[in-house]
Amino acid sequence: MSKSICFGVLIFLSSQIAFGQEINVKVQACDATTARQMVEQQAIESRSISDLEKRINILIRVAEFLWEKDNESARTYFSDAFKLAVDRFAETGVRNISKSQFLLEREKDYRFIVANKVLRKDPEWGKKLLEQILKSWENDKSVADRAPYERGEEIRQSFNLAISLIESNEVAALSILNRLIGYPLESYWNQAFYQLHKKNPAAANQLFYALVQKHSQAPVSKLLTLSGFPLGRNQPLSLFAYYSGPVFRDNYVADAALQKFYLKTVLLRISSLSAETLVPEQSNAINEAGFGIAAVNAFSDVIVQSHPDLRADLSRASATANSLLDATTKEKIDSSKKYQERMAGSFADKIAALEEAESKGTLTDFQIVQLILDAKTEEKLNALEPWLDKIKDASVKEKSVNFFYFTSSKVALDEKRFTDARKFADMVPQIEHRAVLYFNVADEKLKGELTKFETLELLTDVLKTAEKSPDTVEKAQVLLGVAFMFEKIDRFNSIDALSKAISTANKLENPNLFTQYVSQHIVGKDFGVFSSYPVPGFDINRTFDQISKEDFAGAISQAQSFSDRYLRTLAILASVTNCEKPVKEKMKVKTTQ
C-alpha cells in the first residue's frame, strides 16, 4: 500500500455518552480533533472493564495523550489510575509469579508505573506519589511477613525510578536518592552512582560520601554492597555469586580520595567487630568475620598499589576477622573461593574441567549449560557444541540447544557473518526466538541499500513459518513483529501480517501482546539459567504506533478488528498518538437517538 493511496474508514464510537446520544464519526484523516475524540471515548469505554490492570493501562495512555492538550483532565486520569493501582496492590501485594523456583518474577506494582509516568510530566507531584508509597511501606506491619528478599521491594523499585530519571531530570533523581539514604544499604546504589557519575561526577561523589558516613556502622556485609563504585568494579564484591564479563568498568577511574575514604571506613568497621556483635550463623549466610576476610583479601592489592598508608588498618582488620572466624564460616569461604577461581579460569580450562568430570563420572548438566553464557565467540561456541549431546535431561537439552543456536546466531551477526547468522537462526526450534534473530538480520541488511530484496525475502520466510504454526500467543507476537519490520519496506505486507496477528489473537483467551523481550529459561532439577533479549514490534503499542505514522486509516481499521475490548482500546490509543496535525476540515458528527 503506497503512501499516495488514501481511503476512508468508518469508525463507530458506540458507547453511550452524555444525554444518551451515540456518536458515529467518519474518519478520513489523522488530526488532533479526531484523535482527542477517540481517546476520550476509549477512556469512557474503559469503565466497563473490570480488570484493574487493564483499566490502569488505559487511563495512563489517555492521561499521557491529553497532558499537553487538557492538563486538568490528564491529571484526573493519572489520579484515577494511581487510586486503582493502590487498590490493586492491596489485593495482590508483593508476590513472585514465576513458575520456577530459580527465577524471581514479581507481580507488577502499578503504583510505581503510574508514579514513573507522572514524574516525567510533573516531578513534584511524582515525588509526592512516591512518598505516599514509601510511607505506606514503612507503616505496613505485614511487610515483616514477606519473604526476606521481598521486604525491600518498594525500595528496589524506588531505586529503579531514580536511576531512570538521572538522564532526563537529575534534580528529581537526586531528590529521590537522598530520600533513600536512610534505608538499609543495598547493591542498587552502585548502578545509581555509575549512572549519576556519567552526568555529574561531583554529585555522585558527594552522594557517596554522605551515604557511607550515614552507614559507617552498618554490618560489613552491607558496606560491601557499595564496593562496586569506589573500586571501579562492574559488580560489588560477593562471596556467593560469580559474574561473567569484565570485573572492572571500562572508561571509569575511581576518585582516589573517595576510594581511600571507603576502604578506611570498611577496615575500621571490621576492626570494631567482636564475638558479641557477630551476626548469628544462618543457613544461607556467613557471619561478619567471613565478610571481613573477603574484604581484606579484595582490598589488599589496591591498598598496596594506591594507598600504602592504609597498611596498618588492613593488618588490624585482618587480625580481628581471622580471630573471629569459626570453622563453619571458614569452610564456606574456602568453598566459595574455589568456585570463584574455577569460574574465573579461561574457557579452555572450563572445557578441560568438563572432560575431567566426564572421566570421573561426575559430569552434570549444569556444568555444560553454564558455559553457554560464557561462549561469546565462534571459537568458544565450536568447542562447546559437542557437549550439548551429553546433557542428560531431555527438557534441559532441548532448551540448551535453543539457547546455544540463538547465541551462535547473535555472535555471527555481531561479526557480520550474515550467512552463518541465518543458518544458526534456522536451527533455533522456538519460533519467537527464531523470529527475533531473523529480525536482527533484517535490521542489519536494511542498512545496505542493495540488500532490501534479501530483507523482504527473510521477513516473508518468517511470515510463512508463523502461518504454519499453531495459534498461540507466541505466534501472534511474531506476526506483530513481522508487521513492525515490514512497515519499513513494504506497507501492504505489513498490514497483511498485522491482520493475521489480530486473527490469531482473536482465537486466544486474554493474550499478552505487550511483550518487549523474549526470555531463555533453562531449568534443571537443582539449577536455573535465565537470559532475555529486547525485540522489535512484539509489543502491540509499538507496532500500531509505527504503522499509524504512515497509514492511520489502515491502523485504525485493524485496531477495530480486535474482538478483545482491551486490546482494541490500546491499539486505537497507540494509533492516534501521532495525530497532532491541525484540523483541515470540520468533522461530520452524526448524532442518533
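I looked up the largest nonpolar core of this predicted model. I found 176 residues in that core, of which Trp189, Phe299, Phe544 and Val576 touch the most other members. I took a nonpolar core as buried Ala, Val, Leu, Ile, Met, Phe, Trp, Tyr and Cys residues joined through side-chain atoms within 4.5 Å; buried means under 20% relative accessible area with a 1.4 Å probe, protein chains only.

I then listed the contacts (heavy atoms within 4.5 Å) of Phe544. Leaving out residues up to four places away in sequence, I noted Leu498, Ile502, Ala555, Gln558, Ala559, Phe562, Ala571, Ala574 and Ser575.

I turned to helix H3, residues 71–92; helices are DSSP runs of H or I with at least four residues, numbered from the N terminus. Its 22 residues reach 31 Å from first to last C-alpha, close to the 32 Å expected at 1.5 Å a residue, the expectation being 1.5 Å times one less than the number of residues. Among its buried residues I recorded Tyr77, Phe78, Phe82 and Arg88. The buried residues of H3 pack against H1, H2, H4, H5 and H6. Just after H3, I read a positive phi of about 65° at Gly93.

In helix H20 (418–426) I found Ala421, Phe424 and Ala425 buried. They lie on the same side of H20 because they cover an arc of only 105° around the axis, taken from the directions from the axis to the C-beta atoms.

I note that residues are numbered from 1 along each chain as its sequence is written. Local features need pLDDT of at least 70, side-chain atom pairs pLDDT 80 or more, while totals for chains, interfaces and linings use all residues, and side-chain values use heavy atoms, without hydrogens and water.

Technical notes
Buried means under 20% relative accessible area, exposed over 50%, partly exposed in between (1.4 Å probe, protein chains only). Helices (H or I, at least four residues) and strands (E, at least two) are DSSP runs, numbered from the N terminus.
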